[in-house]
Amino acid sequence: MNDKQKEPGMVSGGDAARVKSFSSSRRIDEIIVHCSATRPEQGFTAADVRRWHTRERGFSDIGYHFVVETDGSVSAGRPLDRVGAHCRGHNARSVGVCYMGGIGADGKPADTRNAAQKAAMRELLSALARSFPGARIRSHRDFARKACPCFDATAEYAPLCGGG
């Protein structure tokens with residue numbers, strides 16, 4: 001699967017609102033939101049993250065299941081039926097979603113999501129929450145001493161899961 005191929009039901013760019021549903025043979029209890037810890041203007045993509053994870057970290061594939069690009073398109077990462085490599089101790093029963101960005105112009109952690117990314121993330125996370133009833137959307141920082149995803153995804157997206 002190349003970086004721009006989508007999971008079943010997945011679309012890219014401005015058509016993100018048409019995302020329907022997802023399925024997995026794994027039990028999913030958490031949807032964990034991450035950032036790439038890059039500056040948006042650097043132009044990195046899911047292909048870069050895949051290279052970092054496989055070549056530099058020795059993973060078998062990109063650690064995330066989905067990557068929200070800076071243009072708002074959503075790239076499929078690791079297939080949903082495969083355990084991710086994105087949050088130690090939580091990978092077996094979670095889905096990993098990463099947005100490209102998270103570092104401001106000053107080099108410090110910052111919520112750098114643009115309008116297209118925010119819309120795509122909300123639609124993707126809504127579809128995942130509908131597809132995996134009972135799963136909670138959480139910030140990576142809830143589980144690790146990191147700023148990731150550089151905003152409080154747990155609070156922002158709680159309404160998508162019936163209040164959290």
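In what order do the 5 strands of the open sheet lie, and is their pairing mixed or of one kind? In this predicted model, the strands follow one another across the open sheet in the order E3-E2-E4-E1-E5, and their pairing is mixed. The edges are formed by strand E3, covering residues 74-76, and by strand E5, covering residues 136-139, each of which pairs on one side only. On average, neighbouring strands of this sheet are turned by 25° against each other when direction is ignored.

The pairing of the edge strand E5 can be described further. Strand E1, which comprises residues 30-35, pairs with E5 in the parallel sense, and 4 bridges connect the two strands. Within this pairing, Ile31 has Ile137 of E5 as its bridge partner.

A second feature of the model is its largest pocket, which holds about 570 Å³ of space. The lining of this pocket is made up of 25 residues, of which Arg57, Tyr64, His86, His140 and Lys146 are the closest to its centre. Two or more lining residues are given by E1, and likewise by helix H1, which spans residues 46-56. Helix H1 gives the most to this lining, with 3 residues, while strand E1, besides giving residues to the lining of the largest pocket, is the strand that pairs with E5 in the sheet. By residue class, the lining of the largest pocket divides into 15 nonpolar, 7 polar and 3 charged residues.

How values were computed:
Residues numbered from 1 in each chain as written. Predicted model: local features only at pLDDT ≥ 70, side-chain atom pairs only at ≥ 80, totals over all residues. Heavy atoms only, no water. Pairing = 2+ DSSP bridges. Axes fitted to C-alpha atoms, helices over the stretch in contact; angles between N-to-C directions. 1 Å grid on protein atoms, 1.4 Å probe; cavity = no way out; pocket = protein on both sides within 12 Å on 5 of 7 lines; lining within 4 Å. Points joined across faces, edges and corners; volume = space filled by probe spheres on them. Nonpolar A, V, L, I, M, F, W, Y, C, P; charged D, E, K, R; others polar.
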